[in-house]
Amino acid sequence: NESKTFALDVEHRLEDGSRVIHSAVHNAYGTLNVRATHEGLQRLQPEKRPFVLTRAASPGAQRWSASWTGDNRATREHLAQTVPQLAQLGVSGYPFVGADVGGFVGCPDPELFAEWMELGAYQPFFRNHAAHDACAREPWVFGAAIEERARAAVERRYQLVPYLYTAFEETSRTGAPIVRPLWFDAPDDARVRREERSFLLGGALLVSPRLDAPRAPGAAATEESVVLPRGAWFDTRNNRLWNDGEARIVRDEATSVRVFARAGSIVPSMTAPTHLSGPWSGALELDVWFGESCEGALYWDDGESRAHERGEFRRVSFSCSLEGGSLRLDAKSLGSFVTPWKDVVVRLHGAPSVQRARASGKTMRVTTKAGVAMSRLVGVGADFSVTFEQ
């Protein structure tokens, strides 16, 4: 019919012989479709992890498929809808989700496209996608400045892959979503209960995109408020610590997204690779956002096979503590997967000033710039203990 489906009162006979009308099982078709696709791919390539993507299905489809939010439009209203949509899907059991960057229908202006790319880099599912009759969306068609912002967004995405991959593995074990509303960790905090302009990415990062139109050229910059959950949070742009439940920021043209890190968290990342189909390149990078204590995690495996089901993975737990005037950072791991990195770069944010680092009897150089102490630990692998001394 005109709705492109059966009439709602059409009867279906189920396997057990019972009958139901179409309105009761319409969405089940999409779920059974992705399940059959997933199971078929597993039979064809039993040692590969299938990737299936669907737009419409019923609860349960997340077991077999990633999803996206459908035919959004190239407007700021639909850019703003991205945040509550992904957060609500996350707490509803759909972790691997995303909205079409740039809007599926219509043509974004250059600034809207750039800002959507910058937000999209923090979605679990990230793609620039449009209808066949929409305008061209390649980043370079908007000019060199927008192309550079799009490139920086993609590079930031690649840098965060260790953190994101760890969040994906966590949600597969615990159900904790990747994109979380601000109330997720503190549902009794009335200040954040209705906040829909920012979201938590995993347990350590808070993402605050610009959703309103940017100021007109030549207009004076104005402050805006970013609501923060309880606790202390670092503005990762300038390392400023906020602990009163609100940050006051001024956005600039360099990026429309501000990211805050929870004090006491350790966030793993990597040097931005050009692709992820080959071995890990460069060092593991750890940003330690100092608190009274701090902790973090990293999960890694080969990314393609099902060998992780047989224990071929590496799960690393990070922790740090103050011992007298020194800061100790420990990394302990489980699993048989061979560690793909050899060196570890540690950046200390908000920690006491340090002069040197000692690990495995070696003294490592520490450099400090803009209040951030950094040291490269050579050849430490997955398990190590390092002490930063004043």
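Which element gives the largest share of the lining of the second largest pocket? I shall answer that in a moment; please keep in mind throughout that this is a predicted model.

The answer is α5, which contributes 5 residues, the largest share of that lining. The second largest pocket encloses about 840 Å³ of space. Its lining comprises 34 residues, and those nearest the centre are Y122, R156, Q159, T236 and R237. Besides α5, the elements that give two or more residues to this lining include the strands β13 (257–262), β14 (265–270) and β15 (284–289). Sorted by class, the lining has 16 nonpolar, 9 polar and 9 charged residues.

I turn now to the largest pocket, whose volume is about 1,900 Å³. Among its 48 lining residues, R49, F96, Y165, F168 and G303 are the closest to the centre. Two or more residues come from each of α2 (28–44), α5 (144–159), α6 (161–174) and β16 (294–300). The largest share here belongs to α6, with 7 residues. The lining is made up of 25 nonpolar, 12 polar and 11 charged residues.

Strand β16 deserves a further word. On one hand, β16 pairs with β14 in the parallel sense over 2 bridges, and S265 stands opposite E295 of β16. On the other, β16 pairs with β17 (residues 314–323) in the antiparallel sense over 7 bridges, with L298 opposite V316 of β17.

Finally, the salt bridges, of which the structure holds 32. Within helix α5, E148 and R151 form one, with their closest N and O atoms 2.8 Å apart. These two residues are separated by about one helical turn, because they sit 3 residues apart in the helix. E148 is partly exposed at 43% relative accessible area, and R151 is likewise partly exposed, at 37%.

A second salt bridge joins D185 to R262, again with 2.8 Å between the closest N and O atoms. D185 lies in the loop between β6 (179–180) and β7 (199–201), while R262 belongs to strand β13, so the pair ties together parts that are 77 residues apart in sequence. D185 is partly exposed, with 44% relative accessibility.

Are the partners E285 and R347 buried or exposed? Their side chains meet in a salt bridge at 3.0 Å, N to O, linking strand β15 with strand β19 across 62 residues of the chain. Because buried means under 20% relative accessible area, E285 at 13% counts as buried, and so does R347 at 18%.

I close with a network of salt bridges that links R76, E111, E115, E118, R149 and R210.

Notes. Residues numbered from 1 in each chain as written. Predicted model: local features only at pLDDT ≥ 70, side-chain atom pairs only at ≥ 80, totals over all residues. Heavy atoms only, no water. 1 Å grid on protein atoms, 1.4 Å probe; cavity = no way out; pocket = protein on both sides within 12 Å on 5 of 7 lines; lining within 4 Å. Points joined across faces, edges and corners; volume = space filled by probe spheres on them. Helix = DSSP H or I, 4+ residues; strand = E, 2+ residues; numbered from the N terminus. Nonpolar A, V, L, I, M, F, W, Y, C, P; charged D, E, K, R; others polar. Pairing = 2+ DSSP bridges. Salt bridge = Lys/Arg side-chain N within 4 Å of Asp/Glu carboxyl O. Buried < 20%, exposed > 50% of the residue type's maximum accessible area, 1.4 Å probe, protein only.
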